[in-house]
Protein chains: 2
Amino acid sequence: MSNTQAAESRPYHHGDLRRALIDAATRLLETEGPSALSLRAVAREAGVSPAAPYHHFKDKSELLDAVAAEGWTMLDNAIAKARAEAANPAEALDEIGVAYVCFARQNPAIYRVMYDTARDKEDFPVEVDGGGDSAYCKVRDTFIDAGANPNDLQELELATTAAWCSAHGLAEMANFKQFEHLKAALGGEVEFFRAVFKRLGLAGHLR
Amino acid sequence: MSNTQAAESRPYHHGDLRRALIDAATRLLETEGPSALSLRAVAREAGVSPAAPYHHFKDKSELLDAVAAEGWTMLDNAIAKARAEAANPAEALDEIGVAYVCFARQNPAIYRVMYDTARDKEDFPVEVDGGGDSAYCKVRDTFIDAGANPNDLQELELATTAAWCSAHGLAEMANFKQFEHLKAALGGEVEFFRAVFKRLGLAGHLR
DNA sequence: AGGGCGATCTTGGCGCCGTAAAGATATCTT
DNA sequence: AAGATATCTTTACGGCGCCAAGATCGCCCT
């Protein structure tokens, strides 16, 4: 009753601690950085004992998995938005790339957790094939919209992978101060992203 | 005298512990992975007390810096070799990319440390501008060899950055098992790398 | 040559971490 | 109402990064 925040749903006798822990972890990640994120600190932030999280997550990495999953959802949404707002499919490819890198730059800690946990499991937590609506599939379908042959699955997958690689690579390189002057020369960070994507000509190989 | 390995040079009264610690850390990284690398474990592996490393490195991150620095040197060498062995400049660009990703795949733990420490400092530990002979500058100069205008510095830097981004992105994506079947369909991992680089057309924008 | 000195290494200790086990407490079921 | 069950706390263990104090050893200077 005298909880800090009486929240929406409480399927158990106490508040929704699982939710609170994910939020606390996200908050700590953003404010203190990934190195400062300990399970004990998350519990402290959520106002519970150090062992409480173990009733909702098998271990620390499972909590991080949950944080990463929310990150992938956020990225999905950002990509869907960029695709929907683009004037045409070719422009959509560039805008998706820009949205991707902007997401990574605005949520660096979450983005890092997303790829760290993925790397540990050697598992890209995004649907890659079939008719799913994951971010990856959205990019692939945008290539089709832009004129790629929908039957050449290999070429399609190659194009999507190449685009994803450059976006991810750019997202990581954008952190380095060595590229500040290039961003400035181009009139801003987003223009820098755009220039790199243009240089790579993502849609350029379509016939 | 009864040391495990009496080594080449000993500038101090004992063995070259600094060297031994870097080697031990590298060995542990490769065999146990980055998460298992503690300063105490490195000391154990090197056969010294847990506090001994502090006479050679300010803290753990400084040891990792040293490991990363050796990694960058190895990467430099791999790139120089690829460039030297290529038949012509255009091919050199692709071969450098393949060599980059192969290095990352063959030394995943070191590669990870290289970028982790760089990210923490927001500092790309590779000479980016001027006439240096860093790996980055080698790539840039290869673009000039391939016909890029050496006076359009901005375009040159953009091309180099774009190429580096795709190589780094591909190096990270290549870990994910989702792309196994694509590698198999293309006849091997290296062919996969080649196909992605070809798809991106690194040298394609040269006039 | 030998005595001091500084660099190198060890010991012991602090507070933090992840996590397991066992006890307390509140809710749900019957 | 009572027992079962899920949730949370307490306590504890070993490992971690790091610090400070002490021991040890090579080196230099006279």
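**Entry 1: a loop residue in chain A**

I started with A:E122, which I found in the loop between α5 and α6 of chain A. I am working with a predicted model, so every value in these notes is computed from it. The backbone caught my eye here: A:E122 has a positive phi of about 50°, although it is not a glycine. Is A:E122 buried, partly exposed or exposed? I looked up its relative accessible area, which is 46%, so A:E122 is partly exposed.

**Entry 2: the matching residue in chain B**

Next I turned to B:E122, in the loop between α5 and α6 (135-145) of chain B. I noted a positive phi of about 50° for B:E122, and this residue is not a glycine. Its relative accessible area came out at 47%, so I wrote down B:E122 as partly exposed.

**Entry 3: how the two chains are related**

Then I asked what movement superposes chain A on chain B. I found a rotation of 180° with 0.0 Å of shift along its axis, and the RMSD is 0.0 Å. The two copies are therefore related as by a two-fold rotation axis. I also checked which surface each copy uses: the same surface serves both, as 100% of the contact residues of chain A recur in chain B.

**Entry 4: the interface**

I wanted to know how many residues each chain gives to the contact. The answer is 48 residues from chain A and 48 residues from chain B. For a sense of scale, I reminded myself that the size of an interface is often given as the accessible area lost when the parts come together. Between chain A and chain B, the buried area is about 4,400 Å². Carbon and sulfur atoms give 62% of that area.

I then looked for polar links across the interface. I found 16 residue pairs in polar contact between chain A and chain B, with both residues at pLDDT 80 or more. Which elements give two or more residues to the side of chain A that touches chain B? My list reads α5 (108-121), α6 (135-145), α7 (153-173), α8 (180-186) and α9 (189-200) of chain A. The largest share comes from α7(A), with 15 residues. By class, I noted 24 nonpolar, ten polar and 14 charged residues on this side of chain A.

**Entry 5: salt bridges between the chains**

With charged residues on my mind, I counted salt bridges. Over all chains, a search of the whole structure finds 36 of them. Between chain A and chain B the count is eight. I picked one to look at: A:E155 forms a salt bridge with B:R199, and their closest N and O atoms are 2.8 Å apart.

**Entry 6: salt bridges inside helix α5**

I moved on to pairs within one chain. In chain A, I found a salt bridge between A:R112 and A:D116, where the closest N and O atoms are 3.8 Å apart. Both residues lie in helix α5 of chain A, four residues apart, which is about one turn of the helix. I checked their surroundings too, and both A:R112 and A:D116 are buried.

In chain B, I looked at B:R119 and B:D116, whose side chains meet in a salt bridge at 2.4 Å, N to O. Why are B:R119 and B:D116 separated by about one helical turn? They are three residues apart in helix α5 of chain B. B:R119 is buried, with a relative accessible area of 13%, and B:D116 is buried as well, at 18%. I then followed the shared partners and reached one network of salt bridges, which joins A:R112, A:D116, A:R119, A:D120, A:E172, B:R112, B:D116, B:R119, B:D120 and B:E172.

**Entry 7: a salt bridge between helices**

I also followed B:D145, which forms a salt bridge with B:R83; the closest N and O atoms are 2.9 Å apart. B:D145 lies in helix α6 of chain B and B:R83 in helix α3 (residues 60-85) of chain B, so this pair ties together parts that are 62 residues apart in sequence. I noted B:D145 as partly exposed, at 46% relative accessibility. B:R83 is partly exposed too, with a relative accessible area of 26%.

**Entry 8: a buried loop residue**

I closed with B:N107, which is found in the loop between α4 (89-106) and α5 (108-121) of chain B. Buried or exposed? At 12% relative accessibility, B:N107 counts as buried. Leaving out residues up to four places away in sequence, I found that B:N107 touches B:E30 and B:M74.

Technical notes
Residues numbered from 1 in each chain as written. Chains lettered and ligands numbered in written order. Predicted model: local features only at pLDDT ≥ 70, side-chain atom pairs only at ≥ 80, totals over all residues. Heavy atoms only, no water. Contact = heavy atoms within 4.5 Å. Buried area = accessible area lost by both parts, 1.4 Å probe. Salt bridge = Lys/Arg side-chain N within 4 Å of Asp/Glu carboxyl O. Polar contact = N/O pair within 3.5 Å; in protein donor to acceptor, adjacent residues only side chain to side chain. Nonpolar A, V, L, I, M, F, W, Y, C, P; charged D, E, K, R; others polar. Buried < 20%, exposed > 50% of the residue type's maximum accessible area, 1.4 Å probe, protein only. Least-squares fit on C-alpha atoms with pLDDT ≥ 70 in both.
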